[in-house]
Amino acid sequence: MHQPFFLEGEFSNTEWNEASFHIIPVPLEETVTYGKGTSNGPIEIIKASTQLEQLTEGYGNPGTLGIHTADIIDRMSFHDLEELFNHTARIMDASLNAGGLPILLGGEHSITNGAIRFIENRFEKGKVGIIQFDAHMDLRDTYRGSKWNHACVMHRAVEIGIPLYQVGIRSFSQEELESRECYSVLHADASSLYGQDITALTLPECFPKQLYISFDVDCFDASIMGATGTPEPGGLLWWDAITALGALTQGCTILGADVVELAPADMLHHCNYTAAKLTYAIMALAAQRNGWTC
């Protein structure tokens, strides 16, 4: 059966070595703890992308730079999660070697462990920072007996020295607050953003200028993103997220991204479309920040 590709109908599926963007679907659903359905997230994002317009307001037409949708990374092809994450890291490394930008589509948030391996293996310690958009800190050391649980993914990053900046957090545990303090995690929590001029957000000078963006769609308010495992009230609206992405990446380059935790639901197809449009917006932002003309 034909696997659809990102923005099919508007662009061809550009050859891997000629594409500036590599869409890498990782439909993992193994450690989810509440609402189910993340295994369907990547394919529904890709399907929804066929309804997008080519132009992105203020950022041009990133699709003209070439988009390649890679084969699905299937959990059943690997003995365990660590093997899957190592494979994902190799695919991301190949993307960068080909002059592209790897973008993971989840799947649960634990797929970002592949990106963490990629950053650890490819870059000098402390030279790449992660900006995490999320309702939750994901800073538990282990959860329900697993260090690979989606609630632990950012602990795996900070424990190996990857700087982290969190945006939109509004659900807390004592363990995670202690981890945040222990690892000096920077943050702009949802409550602090309420009523604030989001355009004024800036990364401190000490934060790396090479960035990886991890966007859990539950960062969005539940009113616009109900199709996720734990839809949280009090989150970001569309322009909040787009403005924060732009503000926090000023003067930086973007080397990769992921969009995770979409759990498609009947009658909520607007959520699939929102996730697809977010993915394309991140591609457009990355093109501008990396100096690619589109």
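Buried means under 20% relative accessible area, exposed over 50%, and partly exposed in between (1.4 Å probe, protein chains only). We're working on a predicted model, where local features need pLDDT of at least 70, side-chain atom pairs count only at pLDDT 80 or more, and totals for chains, interfaces and linings use all residues. Residues are numbered from 1 along each chain as its sequence is written, and side-chain values use heavy atoms, with hydrogens and water left out.

**Exercise 1**

Work out how the buried residues of helix α1 are arranged.

*Solution.* Start with the list: in α1 (residues 41-49), G41, P42, I45, I46, A48 and S49 are buried. Now look down the helix axis: these residues fall within an arc of 165°, so they line one face of α1. That arc is taken from the directions from the helix axis to the C-beta atoms. Helices (H or I, at least four residues) and strands (E, at least two) are DSSP runs, numbered from the N terminus.

**Exercise 2**

Classify the ring pair F133 and F215, then place it in the chain.

*Solution.* First, the rule: rings of Phe, Tyr and Trp (its six-membered ring) pair if their centres lie within 6.5 Å; planes under 30 degrees apart count as stacked, over 60 as edge-to-face, and the rest as tilted. With 4.9 Å centre to centre and 10° between the planes, F133 and F215 are stacked. Next, F133 sits in strand β4 and F215 in strand β7, so the pair ties together parts 82 residues apart in sequence. Finally, check burial: F133 has a relative accessible area of 0%, and F215 is also at 0%.
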